[in-house]
Amino acid sequence: MTPETREWWKEAVVYQIYPKSFQDTDGDGVGDRPGIIQRLPYLEKLGVDVIWICPIYKSPMDDGGYDIADYYQIDERFGTNEDFDRLLAEAKKRGIKVLMDLVVNHTSDEHAWFQQALADPKSKYRDYYIFHEGREGQPPNNWRTYFGDNAWTKVPGEENMFYLHAFTKKQPDLNWENPEVREEIYRMINYWLDKGLGGFRIDAILNIKKRLVFGELPADGEDGLAFIGHWILNQPGIEVWLKEMQERCFKPHDAMTVAEANVPAERLSEYIGPDGYYSMVFDFSYTDIDVPATGEWFKPSGWTWQQLRQHVFDSQLATQNAGWGALYLENHDQPRSVSKYLPDAADKDSGKKMLATLFMFLRGTPFIYQGQELGMTNIEMASIDEYDDVATYDQYQRGLLAGLSETESLAAMNRRSRDNSRTPMQWERSRQAGFSTAEKTWLKVNPNYAKLNAETEAQDPLSVLNYYRELTRLRKDAVYGEAITYGAFVPQTDTTDEVIAYQRILPEGRGLTIAINISDAPTVFLMPDGFDKRLLGNYSTALEKDGSGRCVLRPYEAVVTANY
């Protein structure tokens with residue numbers, strides 16, 4: 001591994017913050033920027049090098065801030081622009097860099113550009129978005145958005161004109177074919193990077209190039225609509241704009257960039273290779289394994305652990321051949337990982353630590369989502385009205401349309417809603433989990449906070465929190481950190497169905513073996529020769545062995561061994 005390949009972001013641990021739910025300091029029930037500053041010591045002790053903050057730009061919050069009304073202004077819910085500058089400074093003192101979300105496929109319909117586009121059809125801003133005449137008063141085609149409704153909304157006051165939105169109707173898509181739009185975007189990106197921002201997590205970027213087709217398309221659902229992704233995801237020609245953005249913005253600032261981009265394996269090197277558009281991209285193959293290909297997550301996918309293991313192995317091998325990857329179990333668009341992967345054992349610390357071990361030793365930069373390090377779980381809502389997430393409401397209605405009862409559709413939301421990961425951070429045993437002093441928080445606190453919180457776990461040396469601290473410490477260890485960061489990923493395929501095992505090996509042969517039992521019963525694993533030094537495990541006692549020398553992995557056991 002040559003020094004030229006040792007970019008700073010490869011050795012980082014990233015922590016994702018959903019600001020509405022992290023820490024409220026002014027008592028309004030919504031998290032804010034000063035709250036993030038307040039919790040920087042906690043993040044530093046966790047071993048965090050980078051924090052990624054979900055959108056805090058001015059927004060009507062129709063989609064959690066991913067509907068931006070002003071790219072240059074911090075939303076007053078989260079504080080001020082001056083608060084942001086103070087956060088950058090305070091984080092820098094602790095050696096922590098800050099990433100923001102970059103949302104440039106669309107804006108809010110309350111953005112000044114869109115408002116001017118509506119007010120004057122002859123304005124230059126009409127060409128900042130995608131407007132098209134309808135079919136005798138009906139939408140130009142029957143595309144379905146990512147959230148489940150029609151992708152075209154009629155323009156108020158115009159008889160037969162519609163605008164396109166791949167997400168909600170309050171998120172009109174920008175027209176990237178217009179070079180003036182691209183210049184506006186690049187100017188904005190450089191404004192934030194010039195402030196000292198470490199980089200961006202880039203939202204929905206593969207949607208910016210559209211293959212516009214009109215008329216009635218073959219429906220793929222009960223609603224008579226056709227999923228829009230087939231026509232706007234990773235379309236030919238997008239690479240020109242992605243390269244332009246990299247050269248004009250990211251490269252001059254040595255920025256860390258992680259894209260929400262489901263890239264085919266054969267094209268990964270274009271995106272994350274030495275001259276790629278981004279530092280890394282997220283892979284959805286194993287985190288979205290519970291979502292059917294149609295995107296209808298109210299329906300179970302029927303996934304198995306063996307499929308998940310294969311997805312992880314395939315992703316790791318493809319990524320290391322092409323460049324660098326981003327590792328994650330949870331984010332603001334996912335339910336809680338322990339509830340998803342281990343629904344019958346979501347209260348078991350052994351299972352939570354097992355999942356942590358599996359993901360934290362893979363090759364790539366790990367992203368820990370707030371509360372994941374505590375083992376936070378899904379929340380059960382008693383009514384659909386208790387949810388905030390716009391996608392959850394759409395999926396609930398689609399479930400009803402598909403024939404589910406209200407009880408069945410609500411159960412599906414409790415299983416997969418994005419609001420599962422957006423409940424307030426559970427800091428303490430006190431009222432509202434120490435998140436806020438408000439009588440009512442923007443989304444209710446999970447009732448299990450009295451037992452599951454950072455205050456309690458910090459005092460328990462065997463807690464999930466302290467296990468994550470040990471994981472981040474080991475990643476930076478002077479002896480073993482090299483193999484964890486730069487070692488090759490080598491899958492172990494000669495195992496039982498209940499085991500996921502892999503190695504991280506340096507060129508000279510030194511390295512680690514990671515073995516986990518994904519089941520609730522003991523199983524055996526033959527440890528490779530020489531890997532007899534136990535570095536870490538989620539059981540406090542030594543590895544057990546059977547009469548033939550094989551390791552006996554206990555229920556949900558995870559172990560890390562080294563050969564040096």
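This is a short walk through selected helix contacts, salt bridges and single residues in one structure.

Good morning. One thing up front: the model is predicted. Let's start with helices.

Take α5 and α7. Helix α5 covers residues 179-194, and helix α7 covers residues 238-250. They pack at an angle of about 35°. Their axes lie 10 Å apart. The crossing of α5 past α7 is right-handed.

Which residues of α5 meet α7? From α5 come Arg182, Glu183, Tyr186, Ile189, Asn190 and Leu193. Facing them in α7 are Trp241, Glu244, Met245, Arg248, Cys249 and Phe250. Sorted by class, this contact holds 7 nonpolar, 1 polar and 4 charged residues.

Helix α5 comes up again with α4, at residues 112-119. Three residues of α4 to look for are Trp113, Phe114 and Ala117, which are buried. Look down the axis of α4: its buried residues fall within an arc of 95°, so they line one face of the helix. What do they pack against? Strands β4, β6 and β9, and also helix α5. On the sequence, that means 70-74 for β4, 131-133 for β6 and 161-164 for β9.

Now a second helix pair, α12 and α13. Helix α12 spans residues 390-401, and helix α13 spans residues 406-416. Their axes come within 9 Å. They cross at roughly 145°. Again, α12 passes α13 in a right-handed crossing.

The α12 side of the contact is Thr392, Gln395, Tyr396, Gly399 and Leu400. The α13 side is Glu406, Ser409, Leu410 and Met413. Here the classes are 4 nonpolar, 4 polar and 1 charged.

Stay on α13 for a moment. Which of its residues are buried? Ser409, Leu410, Ala412, Met413, Asn414 and Arg416 are. The buried residues of α13 pack against α12.

Next, charges. Side chains of opposite charge can pair when their charged atoms come close. How many salt bridges does a search of the whole structure find? The count is 49. I'll pick out a few.

First pick: Asp101 with Arg201. Their side chains meet in a salt bridge at 2.7 Å, N to O. Asp101 sits in strand β5, residues 97-103, and Arg201 in strand β10, residues 199-203, so the pair ties together parts 100 residues apart in sequence. Are these two residues buried or exposed? Both Asp101 and Arg201 are buried.

Next pick: Asp220 with Arg144. This salt bridge is 2.8 Å, N to O. Asp220 lies in the loop between β10 and β11, while Arg144 lies in strand β7, residues 143-144, so parts 76 residues apart in sequence are tied together. The two ends sit in different surroundings. Asp220 counts as partly exposed, because its relative accessibility is 37%. Arg144 is buried, with a relative accessible area of 3%.

Another pick: Glu270 with Arg267. The closest N and O atoms of this salt bridge are 3.0 Å apart. Glu270, at 30% relative accessibility, counts as partly exposed. Arg267 has a relative accessible area of 19% and is buried. The cut-off for buried is under 20%.

There is also a network. Which residues are linked in it? Asp63, Asp333, Asp389, Arg418 and Arg422 are linked by salt bridges.

On to single residues. Find Ile505, in strand β17, residues 499-505. Ile505 and Val490 are 15 residues apart in sequence. In space they are 7.3 Å apart, C-alpha to C-alpha. What does Ile505 touch, leaving aside residues up to four places away in sequence? The list is Gly487, Ala488, Val490, Arg510, Gly511, Leu512 and Phe531.

Last topic: backbone angles. Most residues other than glycine have a negative phi. Two residues here are worth checking against that.

Glu136 is not a glycine, yet its phi is positive, about 55°. Glu136 is placed in the loop between β6 and β7. With 82% relative accessibility, Glu136 counts as exposed.

Tyr556 also has a positive phi without being a glycine, at about 60°. Where is Tyr556 placed? In the loop between β22 and β23, that is, between 551-553 and 558-562. Tyr556 counts as buried, at 9% relative accessibility.

So the two loop residues end up with opposite labels: Glu136 exposed, Tyr556 buried. Thank you.

How values were computed. Residues are numbered from 1 along each chain as its sequence is written. This is a predicted model: local features need pLDDT of at least 70, side-chain atom pairs count only at pLDDT 80 or more; totals for chains, interfaces and linings use all residues. Side-chain values use heavy atoms; hydrogens and water are left out. Axes are lines fitted to C-alpha atoms, for helices over the stretch in contact, and angles run from 0 to 180 degrees between N-to-C directions. Helices (H or I, at least four residues) and strands (E, at least two) are DSSP runs, numbered from the N terminus. A crossing is left-handed if the near helix is turned anticlockwise from the far one by less than a right angle, and right-handed if clockwise. Contact means heavy atoms within 4.5 Å. Ala, Val, Leu, Ile, Met, Phe, Trp, Tyr, Cys and Pro count as nonpolar, Asp, Glu, Lys and Arg as charged, and the others, Gly among them, as polar. Buried means under 20% relative accessible area, exposed over 50%, partly exposed in between (1.4 Å probe, protein chains only). The arc is that of the directions from the helix axis to the C-beta atoms. A salt bridge is a side-chain nitrogen of Lys or Arg within 4 Å of a carboxyl oxygen of Asp or Glu.
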